[in-house]
Amino acid sequence: MPRGYIPIMIFIGIAAAFPIVTLIAAKLIRPSVPEKTKLEPYECGIAPEDDTRGRYSIRFYLVAILFVIFDVETIFLLPWAIQYDVLGLFGLVEMLVFLAILIAGYIWLFRQRALKWA
């Protein structure tokens, strides 16, 4: 084994051992006295109204996924804005096409009533 890899192997060994040793030390040091009140879910100091594993409407997840998709796509506007002088008219046309696709997606979602919460 070349000598240059020895420090890397030592570092990998320490990095692998650190979380294991930390978890074992925490298990040995911390007090473990489970009580009924400690095992209940905590909601801002208020007693929970219902089971924490309640069901959510699929619309909640759809809106969350749509938000992430469109939010990530609008991040592509920043590099275009930075390089606007270099790209010129071609860059403007490309961005207008990109925005037209995004707007078409919003219109389709609006017509499908995917953005309605009820």
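Is Lys 116 buried, partly exposed or exposed, going by its relative accessibility? Lys 116 has a relative accessibility of 45%, so it counts as partly exposed. This residue sits in the segment that comes after helix 5. Its C-alpha atom is 8.1 Å from that of Arg 59, although the two residues are 57 apart along the chain. Keep in mind throughout that this is a predicted model.

Now for the overall layout. The protein chain has five helices and zero strands, and reading along the sequence gives the pattern α-α-α-α-α. Of its 118 residues, 7% count as buried. The chain exposes about 10900 Å², with carbon and sulfur atoms supplying 71% of that area. As for contacts with a separation of 6 or more, 53% of them come from residues 24 or more positions apart.

Next, two helices and their spans. Helix 1 covers residues 6–29, and its 24 residues should span 34 Å at 1.5 Å a residue; the end C-alpha atoms are 33 Å apart, so the two values agree. Even so, helix 1 has a kink of about 30° at Ala 17, shortly before the proline Pro 19.

Helix 5 is another story. It runs over residues 84–111, and a straight helix of its 28 residues would reach 40 Å at 1.5 Å a residue, yet its end C-alpha atoms are only 33 Å apart. There is also a bend of about 70° in helix 5, located at Phe 90. After helix 5 comes Arg 113, which has a positive phi, near 60°.

What does helix 5 pack against with its buried residues? Those residues are Gly 91, Met 95, Leu 102 and Leu 109, and they pack against helix 3 (58–74) and helix 4 (77–82). Leu 102 gives a closer view: setting aside neighbours within four places in sequence, its contacts are Phe 70, Glu 73 and Thr 74.

Leu 102 turns up again in the largest nonpolar core, along with Leu 66, Phe 70, Leu 109 and Ala 114, which makes five residues. Helix 3 and helix 5 are the elements that give two or more residues to this core. As background, nonpolar side chains in soluble globular proteins tend to be buried together.

Then there are the aromatic rings. Searching the whole structure turns up two aromatic pairs, set out here:

| Pair | Centre to centre | Angle between planes | Geometry |
|---|---|---|---|
| Phe 76 and Phe 98 | 6.3 Å | 85° | edge-to-face |
| Trp 80 and Tyr 84 | 5.4 Å | 75° | edge-to-face |

Where do the partners Phe 76 and Phe 98 lie in the chain? Phe 76 is in the loop between helix 3 and helix 4, while Phe 98 is in helix 5, 22 residues apart, and the pair links distant parts of the chain. Phe 98 has a relative accessible area of 22%, so it is partly exposed, since buried means under 20%.

Why is the pair of Trp 80 and Tyr 84 called edge-to-face? Their planes are at 75°, and planes over 60 degrees apart count as edge-to-face. Trp 80 is partly exposed, with a relative accessible area of 21%. Tyr 84 is partly exposed as well, at 37% relative accessibility.

Definitions and conventions:
Residues numbered from 1 in each chain as written. Predicted model: local features only at pLDDT ≥ 70, side-chain atom pairs only at ≥ 80, totals over all residues. Heavy atoms only, no water. Helix = DSSP H or I, 4+ residues; strand = E, 2+ residues; numbered from the N terminus. Buried < 20%, exposed > 50% of the residue type's maximum accessible area, 1.4 Å probe, protein only. Contact = heavy atoms within 4.5 Å. Areas by Shrake-Rupley, 256 points an atom, 1.4 Å probe, with all protein chains shown as cover. Expected span 1.5 Å × (residues − 1). Bend = angle between axes of the 7 residues up to and from the residue. Core = buried A, V, L, I, M, F, W, Y, C linked by side-chain atoms within 4.5 Å. Phe/Tyr/Trp six-rings, centres within 6.5 Å; stacked < 30°, edge-to-face > 60°.
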